[in-house]
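This report is addressed to a reader who meets the structure for the first time. Please view the sequence and the model below before reading on.

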Amino acid sequence: MTRWQEPVAQNSLEDIFGTLRRHPDVEAPNLQAWDATDRLLLEAAAARLTPDTRLAVIGDRYGALTLGALGTLGVRRVRVHEDLITGERALRNNAAALGLAAADPGAVDATGFDQLALGEELLSGAGTVLLQLPRTLAELDEIADAVARHAAPDVVLLAGGRIKHMSLGMNAVLARHFQTVQPQLATQKSRIIMASGARPATEATEAPGWRPAVEHLDELDLDVAAHGAVFAGAKLDIGTRFLLTFLPEMPQARHAIDLGCGTGILAAMYARQNPGARVTATDRSAAAVASAQGTARANGLEDRITALQDDAMSTVPAGSAGLVLLNPPFHLGASVHAGAGIKLFEAAARVLAPGGELWTVFNRHLQYLPTLGRLVGPTTVRGSNPKFTVAVSTRRP
Ligand SMILES: C[S@@+](CC[C@H](N)C(=O)[O-])C[C@H]1O[C@@H](n2cnc3c(N)ncnc32)[C@H](O)[C@@H]1O
């Protein structure tokens with residue numbers, strides 16, 4: 001948990017948005033650190049907020065909502081949950097750029113923001129919750145459940161999104177947890193749904209904390225744990241399925257890494273096949289890391305697999321792994337961008353020992369081979385099918 005104090009001098013929203021950066025997430029001219037939904041949510045919240053409002057923010061991408069509420073709406077304290085560690089770091093960087101300073105974590109009366117996991121500490125007593133709607137209904141269900149369960153009984157949830165990414169299913173999910181669900185008028189291609197009248201948790205939904213659902217994957221004979229936010233849910237991605245067919249050919253490494261692990265299927269399957277290996281399953285998403293930990297536990301592999309939330313293995317020592325397995329992202333949020341995959345190739349090159357191997361699967365149309373050769377070392381195609389290529393890059397000395 002990180003806590004900051006000292007309110008920003010009252011700024012205009014333009015000043016704040018103009019300062020925001022995505023770093024350490026990938027940056028490019030067509031990628032922005034805030035969107036029209038952030039503005040709409042802050043405008044919609046303005047009339048409801050006083051300096052002492054107990055405000056929680058969920059899904060803030062790079063800090064636009066948190067810093068907007070602190071800097072322009074005069075709220076003294078904001079509790080915020082972001083799934084991605086890159087978003088958490090960006091919020092801290094952006095706060096520092098706006099003149100915020102780190103506070104004593106024990107300072108109960110501090111002004112500023114607290115970065116917290118999705119759960120009671122984030123939400124207890126919250127009267128207003130601002131939410132950037134997530135991509136999946138399963139993730140929305142987890143968030144709405146947490147809000148209805150832990151926030152004040154009269155909490156108002158303002159959930160906003162880009163209209164092209166919203167569906168009627170979102171209203172239905174919210175209606176499971178709130179008595180009143182009211183879509184508001186759309187502005188600049190964004191819309192807010194207001195939910196109130198939290199339904200008390202029923203016995204059926206009474207869960208002791210934030211736990212992933214576990215499903216058995218027959219084709220791998222593997223139990224897979226999946227939070228709502230995780231890539232592919234509890235299913236096996238078709239690229240990952242193809243990469244797994246090469247498992248018997250992969251080297252036996254003392255330390256192997258499942259990079260961008262999602263539910264940790266690659267980590268679990270490699271650990272099971274190589275009893276001498278220690279495996280790190282790492283992802284920038286808190287939901288992914290918790291899921292990978294759940295998958296390891298569900299298959300009795302928790303002593304062999306370490307789950308680590310990190311951005312592109314930034315805390316993993318250079319030259320410390322003999323093998324990296326990677327099904328790279330090529331979507332950055334809603335935009336398609338190759339930078340996310342390339343960032344992970346660079347990370348693999350740094351963390352592999354000389355002679356260590358990076359096994360990657362990617363869509364055939366992606367021209368990754370020259371990039372892998374340049375960043376990591378000699379690269380060969382180990383197999384391909386109509387959709388995917390599996391490449392092996394050997395870390396040059
Ligand atoms: C295509 S998914 C693969 C998930 C899983 N390995 C599988 O095969 O089902 C890519 C994963 O990379 C993660 N990721 C993206 N950028 C990352 C970064 N900078 N550092 C760590 N993980 C990242 C995403 O959160 C996502 O879980």
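Pro-24 is situated in the loop that runs between α1 (13-19) and α2. In this predicted model, the peptide bond leading from His-23 into Pro-24 is cis, and its omega is near 10°. A second backbone feature belongs to Lys-189, a residue other than glycine whose phi is positive, near 65°. Lys-189 is likewise part of a loop, namely the one between β8 (178-183) and β9 (190-198). As background to both features, most residues other than glycine have a negative phi, and most peptide bonds are trans.

The loop that holds Pro-24 leads to α2, and this helix packs with α3. Helix α2 spans residues 36-46 and helix α3 spans residues 64-72; their axes come within 10 Å of each other and cross at roughly 35°. The crossing of α2 and α3 is right-handed. On the side of α2, the residues in contact are Asp-38, Leu-41 and Leu-42, and they meet Ala-64, Leu-65, Gly-68 and Ala-69 of α3. By class, the residues of this contact comprise five nonpolar, one polar and one charged.

The ligand forms the remaining topic. Around the ligand there are 15 residues, of which Thr-240, Gly-260, Asp-283, Asp-311 and Ala-312 come nearest. The shell is made up of six nonpolar, four polar and five charged residues. Which side chains place a polar atom 2.5 Å, 2.6 Å or 2.9 Å from an atom of the ligand? The table gives the residue, the ligand atom and the distance for each.

| Residue (side chain) | Ligand atom | Distance |
|---|---|---|
| Thr-240 | oxygen | 2.5 Å |
| Asp-283 | oxygen | 2.6 Å |
| Asp-311 | nitrogen | 2.9 Å |

Thr-240 and Asp-283 thus each approach an oxygen atom of the ligand through an N or O atom of the side chain, whereas the polar side-chain atom of Asp-311 lies by a nitrogen atom of the ligand, at 2.9 Å. How much of the ligand's accessible area does the protein cover? On its own the ligand has 600 Å² of accessible area, and the protein covers 92% of this.

Methods. Residues numbered from 1 in each chain as written. Predicted model: local features only at pLDDT ≥ 70, side-chain atom pairs only at ≥ 80, totals over all residues. Heavy atoms only, no water. Near = heavy atom within 4 Å. Polar contact = N/O pair within 3.5 Å; in protein donor to acceptor, adjacent residues only side chain to side chain. Areas by Shrake-Rupley, 256 points an atom, 1.4 Å probe, with all protein chains shown as cover. Nonpolar A, V, L, I, M, F, W, Y, C, P; charged D, E, K, R; others polar. Axes fitted to C-alpha atoms, helices over the stretch in contact; angles between N-to-C directions. Helix = DSSP H or I, 4+ residues; strand = E, 2+ residues; numbered from the N terminus. Left-handed = near helix turned anticlockwise from the far one by under 90°. Contact = heavy atoms within 4.5 Å.
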